[in-house]
Amino acid sequence: MRRLLKNGSALFGLAILGTIVMLALLAPWIGRFDPIKQNPRESSRPPSADHLFGTDRFGRDVWARTVTGARLSLRTGIVAVAVSMAIGFVPGLVAGYRGGWIDALIGRGVDVMLAFPGILLSLAIVAALGPGLHNVQLAIGISLSPTFVRLVRGCVMAAKENTYVEAARAVGCSDAVVLGRHILVNILGPMTVMTTVALGWAMLIATSLNFLGMGVQPPTPEWGADLALGRDHMRTAWWISAFPGFFIMFTILAINLVGDGLRDATDPSLEIR
Amino acid sequence: MLSYISKRLLQAVPVLIGVSILVFLLIHLIPGDPVLVMLQGSPNVTPELIAEVRRNLGLDVPLPQQYLSYISRVIRGDLGKSIWTGQSVWREMQGQWPSTFELTVASMATAVVLGVTLGTLAAVRRGTWVDSTVMGISQLGVSIPLFWSGLILIFLFSLTLGWLPATGVGGWKRLLLPAFALATNYSAVIARMVRSSLLEVLSQDYIRTARAKGLAELQVTLHHALRNALIPAITIVGLQFGNLLGGTVVIETVFSRQGLGRLAYTAILAKDFPIVQGVVLVLVLVYVLLNVAVDLSYGLLDPRIRYD
């Protein structure tokens, strides 16, 4: 933690992320307007003292929608990463610890999933399951899970060669105890880094799917979906898309900076360049 | 070399079989009756039509038999028929792939030129403001979603300055904005990789020897260091090409360009599953084969690598 706090970029990332999380938590109080209620008389108003980020073409306050949308956008990323960890953790653990045919089988499964380029696997799964927030979270969770399988497998394989693991086995510890008490500790560091990095990826994919109309449906406020709402009015009402767009960009930037900082802090062999 | 190529291609076969199973199973992931879901919203849905679509999709036989018939058709180049147009998926894709090919090649070229230039600049000016600026830009580059960079470019260069058209296909002017938008993420990733790899190479003994011989710094960097630094970067380029292919769905939609990505997107909205399956399968096949090609290219860049 001390090493992380000494890293200027990571601190900057933490500050942005902290601010966005605070805005999301305080959204009902600082939003000032109902993010869903339409007000045609206030349609497409530019930013002003009344409406900090202006209004969209339905007269809804863009600031209220952006801070409220932060809740959903962040939650989608977090749930998707949690799903991918839940799917990838056990196969990774088993493949790394057992090795042999089960490792080969899980490895081939991972290869198959990684053969889908970019957001294609998430897109294909959402296409089958149908649009909706839960399906987007599940699809992203499934498509990111091979990364966790590989990470956990690699960490377990490295950790199980340590002398203390051999010693634990020699004194009669069961596989469950060896895994739970001696090996899992070694996974926590890389898992934390990976979780942060994956959160950035998940948010990128989630906002893209929401932008394409595959996730949350109107009138729910969400950054990707709101950005799509304003794309046809960029010339006359740039603020409808611009503010959600910048919020997406700075949130992912912040997550990436924190992820890089965590990686540097947990990897003593990394030369600082 | 030939035996290595065959071995590498053979290694790709199980992956492709796995991919074909996953793509085949997509239609079975649909909650409820896939035929009813696909025909949802269409007028004149009769029991005869439902039975015909079911038969056309091969859904009227047991699952293993469905897969065997699917894979044997795919091997013969038959990817099925579009539910709505009745045309073969292959024909639907034929009109689209040149545009996607043009876009991905232009994007990759832009990403490589930008990434290698910026990465090299950052490495040779390590620790200076140039390095910090390049790394800052690349950090921003990997954080910006494709659809947002696309919209910013449309807003600036098309709507505000009026220099370039925002939509459509045809001519280099219509290609510039989408290619650049698609390249932003990947040039940033390549720049970071080239910088880190070049810094490692620049600390090697043979670079010191080249400098001691009195060679100009530019020659040392470009001729001696960059060539070796590019080997790890090539892997990233190969892997990133996959992301680029996936990214075409978003960019072709933002720029209203025709192409495989947009075809997949419209097919998803229309629940035209044979097209979705066909496009996904073809894009994955291209990606897998490209990674084999990347593997083989190492030998060209590094003579120490032998394929015996």
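Here is a short tour of this two-chain model, one selection at a time.

It's a predicted model, so local features need pLDDT of at least 70 and side-chain atom pairs count only at pLDDT 80 or more, while totals for chains, interfaces and linings use all residues. Residues are numbered from 1 along each chain as its sequence is written, with chains lettered from A and ligands numbered from 1 in the order in which they are written.

Start by colouring chain A by pLDDT (the predictor's confidence in each residue, from 0 to 100). Chain A averages 89, and 97% of the residues score at least 70. Look for the low end in helix α1 (residues 2–5) of chain A, with a mean of 76, and the high end in helix α3 (residues 62–98) of chain A, at 94. Helices here are DSSP runs of H or I, at least four residues, numbered from the N terminus.

Next, select the contact between the chains: 40 residues from chain B and 35 residues from chain A. Contact means C-beta atoms, placed from the backbone, within 7 Å. On the chain B side, α11(B) gives the most, with eight residues. By class that side has 31 nonpolar, nine polar and no charged residues (Ala, Val, Leu, Ile, Met, Phe, Trp, Tyr, Cys and Pro count as nonpolar, Asp, Glu, Lys and Arg as charged, the others, Gly among them, as polar).

Stay in chain B and pick α9 (residues 172–202) and α11 (residues 217–254): their axes come within 8 Å and cross at roughly 160 degrees. Axes are lines fitted to C-alpha atoms over the stretch in contact, with angles from 0 to 180 degrees between N-to-C directions. The pair is therefore roughly antiparallel (over 145 degrees). Their contact residues divide into 20 nonpolar, five polar and no charged.

Conventions:
Helix = DSSP H or I, 4+ residues; strand = E, 2+ residues; numbered from the N terminus. Parallel < 35°, antiparallel > 145°, perpendicular 65-115°, else oblique.
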